[in-house]
Amino acid sequence: MNPKSANSKSLNDPRRCTHTTRNGRCRLPALDSSASFCSEHARQQENPRQTPDPEVLAAELLGDIVNFANAGAVNLFLGNLVKQLARQRIARRDAIALAYLCQLLLNSLPPMWKEIEWKEIEEDYDATASQLLLNNIARSQAARHGDQQSNETTEREAVASRQP
Ligand SMILES: [Zn+2]
């Protein structure tokens, strides 16, 4: 048996879903021996829905979200995603991928907050350290100035004591 005939045999297998996409034929088994589609594609055949314009869908999913830097934004997006999935305006597979990305975004938030906290601590520390340094410089300059004055006074006193 050559590979071509094996392939055509499996393609004509009546127990396989007959739905085809640009990636090829669906590999899932048909619902039963008389059915042409798997459960997912049978449902799609029953409820043929119009694919929404990707730009419109993106706008509805994103709403006013500017970035995903806080849990509120991710939560809002997830809520919008649930609405779109419930209305069957988004493919289940896309919804799962987006939900997974949301989970990754949420997981990245605590390390991000820690990073921001550390940056603030470092900035506070830098500010305190430079203030301390400035104070030390001022103090040592003042001390040096005081030493010079006292040295000059001692010299003057010494000169004065040498005079008759
Ligand atoms: Zn299928």
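This passage describes the fold, the model confidence, one helix pair and two glutamine residues of a single protein chain.

The structure is a predicted model. The protein chain contains 5 helices and 2 strands, and its elements follow the order α-β-β-α-α-α-α when read from the N terminus. The chain comprises 164 residues, of which 4% count as buried. When contacts between residues at least 6 apart in sequence are considered, 24% of them join residues at least 24 apart.

The average pLDDT of the protein chain is 84, and a score of at least 70 is reached by 81% of the residues. Confidence varies between the elements of the chain: helix α1 (residues 3–11) has the lowest mean, 48, whereas α4 has the highest, 96. For residues 1–8 the pLDDT is below 50, and this stretch makes 1 contact in the model beyond near neighbours in sequence. Where pLDDT is low, predicted coordinates should not be read in detail.

The packing of helix α3 against α4 was examined next. Two packed helices are described by the angle between their axes and by the distance between those axes. For helix α3 (residues 54–62) and α4, the angle is about 130 degrees and the axes lie 8 Å apart. Helix α3 is therefore oblique to α4, since the angle is neither over 145 degrees nor within the range of 65 to 115 degrees. On the α3 side, the residues involved are Leu57, Glu60, Leu61 and Leu62; these meet Phe77, Asn80, Leu81 and Gln84 of α4. Classified by residue type, the contact of α3 with α4 consists of 5 nonpolar, 2 polar and 1 charged residues.

The helix α4 (71–86) is followed by a loop that leads to α5 (92–162), and glutamine 88 lies in this loop. The backbone of glutamine 88 has a positive phi of about 55 degrees, although the residue is not a glycine. Glutamine 88 counts as exposed because it has 12 C-beta neighbours inside 10 Å, and a residue with 12 or fewer is placed in that class.

A second glutamine, glutamine 44, is located in helix α2 (residues 39–46). Glutamine 44 has 15 C-beta neighbours inside 10 Å and therefore counts as partly exposed. Along the chain, glutamine 44 and glutamine 88 are 44 residues apart; in the model, a distance of 9.8 Å separates their C-alpha atoms.

How values were computed: Residues are numbered from 1 along each chain as its sequence is written. This is a predicted model: local features need pLDDT of at least 70, side-chain atom pairs count only at pLDDT 80 or more; totals for chains, interfaces and linings use all residues. Helices (H or I, at least four residues) and strands (E, at least two) are DSSP runs, numbered from the N terminus. A residue is buried if 20 or more other C-beta atoms lie within 10 Å of its own, exposed if 12 or fewer, and partly exposed in between; C-beta atoms are placed from the backbone. Two residues are in contact if their C-beta atoms, placed from the backbone, lie within 7 Å. Axes are lines fitted to C-alpha atoms, for helices over the stretch in contact, and angles run from 0 to 180 degrees between N-to-C directions. Angles under 35 degrees count as roughly parallel, over 145 as roughly antiparallel, 65 to 115 as roughly perpendicular and the rest as oblique. Ala, Val, Leu, Ile, Met, Phe, Trp, Tyr, Cys and Pro count as nonpolar, Asp, Glu, Lys and Arg as charged, and the others, Gly among them, as polar. pLDDT is the predictor's confidence in each residue, from 0 to 100.
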